[in-house]
Amino acid sequence: MTKHLPTLVFVFVFVFALGSTALVATQEKEKAPAPAPKAAVMPNATPLKVQVVIARYQGDKKISSMPYTLTMNAGNRANLRMGAKIPVMMVISTGQTQVVDGKTIPQVGPIQYQDVGTNIDCSSTQLDDGRFMLNISVDDSSVYPDDQLPGGSKGNPSFRSFRSSNTMILRNGETGQFTTATDKVTTETVKVDVTLTVMK
């Protein structure tokens, strides 16, 4: 019995040390902060640039060309609002007149403001084979130049408007004709072209 005492003491010390090490490791594990949650992985977005050009032609001669650019990610939409307010003098229909610079003119009333400008709405959907479907709405209004006023109404502003909605399917770098229309007053032709560019 005495011969085995050192062995028993050694085993006891070994088991005690092993238990203490396990206890310390468990306590340290409990104190360790929990790992931070992984950030959500966003799908790869495809950035797009859509250029809309509103051009006016008199026959084959280009009179004006107004480019507008919208940027968005595929699957999203973009809007553009650009315009101004034009003052319009109202005329009182009571038959009253006033004298201005020696001339008798109808009595004028308050000033009202007419909105003119360009509104463009565009949404995009990515298709297969590198194609993109664009849903576009264009609303454009402006003032007739003095030399084109209908009915000889010089001095009184006249307004023209153009609205169109369409769906186009384009690839990177392609340009498509959105629509074509003719102004009945000036016989000008309005052409709207759309160009799609995939941005890198």
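**Exercise 1. The hairpin**

How many residues lie between strand 1 and strand 2 in their hairpin, and which glycine in the turn has a positive phi?

*Solution.* Keep in mind from the start that this is a predicted model.

- Step 1: Go to the turn that links strand 1 and strand 2; two residues sit between these strands.
- Step 2: Check the backbone angles there. Glycine 59 is the one with a positive phi, at about 70 degrees.
- Step 3: Now follow the two arms. Strand 1 and strand 2 are antiparallel and share 12 bridges.
- Step 4: Pick out one facing pair: isoleucine 54 stands opposite methionine 66 in strand 2.

**Exercise 2. The whole chain**

List the secondary structure elements of the chain from the N terminus on.

*Solution.*

- Step 1: Count up the elements, and you get one helix and 10 strands.
- Step 2: Put them in order. The run is α-β-β-β-β-β-β-β-β-β-β, starting at the N terminus.
- Step 3: Add a quick look at burial. Of the 200 residues in the chain, 25% are buried.

**Exercise 3. A sheet of four strands**

Work out the strand order of the open four-stranded sheet, then find which strands stand at its edges.

*Solution.*

- Step 1: Read across the sheet. Its strands come in the order 2-1-10-9, and the pairing is antiparallel.
- Step 2: Look at the two ends of that order. Strand 2 (61–73) and strand 9 (175–182) each have a single partner strand, so one side of each has no neighbour in the sheet.
- Step 3: Add the twist, which averages 15 degrees from one strand to the next.
- Step 4: Zoom in on another pairing. Strand 1 (residues 47–58) and strand 10 (residues 189–198) run antiparallel, joined by 10 bridges.
- Step 5: Find a facing pair here too: tyrosine 57 is opposite threonine 189 in strand 10.

**Exercise 4. A salt bridge between buried residues**

Which parts of the chain does the pair glutamate 188 and arginine 56 tie together?

*Solution.*

- Step 1: Recall the idea: side chains of opposite charge can pair when their charged atoms come close.
- Step 2: Check the distance. Glutamate 188 and arginine 56 form a salt bridge, at 3.5 Å from N to O.
- Step 3: Place both residues. Glutamate 188 is in the loop between strand 9 and strand 10, while arginine 56 is in strand 1, so the bridge ties together parts 132 residues apart in sequence.
- Step 4: Ask about burial: both glutamate 188 and arginine 56 are buried.
- Step 5: Stay in that loop for a moment. Threonine 186 lies there as well, and its relative accessibility of 11% makes it buried.
- Step 6: Look across from threonine 186 to tyrosine 144. They are 42 residues apart along the chain, yet their C-alpha atoms are separated by 9.2 Å.

**Exercise 5. Two more salt bridges**

For the pairs aspartate 121 with arginine 81 and aspartate 139 with arginine 163, decide whether each residue is buried, partly exposed or exposed.

*Solution.*

- Step 1: Start with aspartate 121 and arginine 81, whose closest N and O atoms are 3.0 Å apart in a salt bridge.
- Step 2: Place them. Aspartate 121 belongs to strand 6 (residues 108–126) and arginine 81 to strand 3 (residues 77–91), so this pair ties together parts 40 residues apart in sequence.
- Step 3: Apply the cut-offs: buried is under 20%, exposed is over 50%, and partly exposed is in between.
- Step 4: Aspartate 121 has 19%, so it is buried. Arginine 81 has 52%, so it counts as exposed.
- Step 5: Move on to aspartate 139 and arginine 163, which meet in a salt bridge at 3.3 Å, N to O.
- Step 6: Aspartate 139 is in strand 7 (residues 131–143) and arginine 163 in strand 8 (residues 159–171), so parts 24 residues apart in sequence are tied together.
- Step 7: Aspartate 139 has 24%, so it is partly exposed. Arginine 163 has 66%, so it is exposed.
- Step 8: Finish with the wider view. Shared partners join Arg56, Arg160 and Glu188 into one salt-bridge network, and the whole structure has six salt bridges.

**Exercise 6. The largest pocket**

Which strand gives the largest share of the lining of the largest pocket?

*Solution.*

- Step 1: Note the volume of the largest pocket, about 240 Å³.
- Step 2: Find its lining. There are 14 lining residues, and those closest to the centre are Ser64, Met66, Tyr68, Asp140 and Ser142.
- Step 3: Sort by element. Strand 1, strand 2 and strand 7 each give two or more residues.
- Step 4: Pick the top contributor: strand 2, with four residues.
- Step 5: Sort by class, and the lining has six nonpolar, four polar and four charged residues.

Conventions: Residues numbered from 1 in each chain as written. Predicted model: local features only at pLDDT ≥ 70, side-chain atom pairs only at ≥ 80, totals over all residues. Heavy atoms only, no water. Pairing = 2+ DSSP bridges. Axes fitted to C-alpha atoms, helices over the stretch in contact; angles between N-to-C directions. Salt bridge = Lys/Arg side-chain N within 4 Å of Asp/Glu carboxyl O. Buried < 20%, exposed > 50% of the residue type's maximum accessible area, 1.4 Å probe, protein only. 1 Å grid on protein atoms, 1.4 Å probe; cavity = no way out; pocket = protein on both sides within 12 Å on 5 of 7 lines; lining within 4 Å. Points joined across faces, edges and corners; volume = space filled by probe spheres on them. Nonpolar A, V, L, I, M, F, W, Y, C, P; charged D, E, K, R; others polar.
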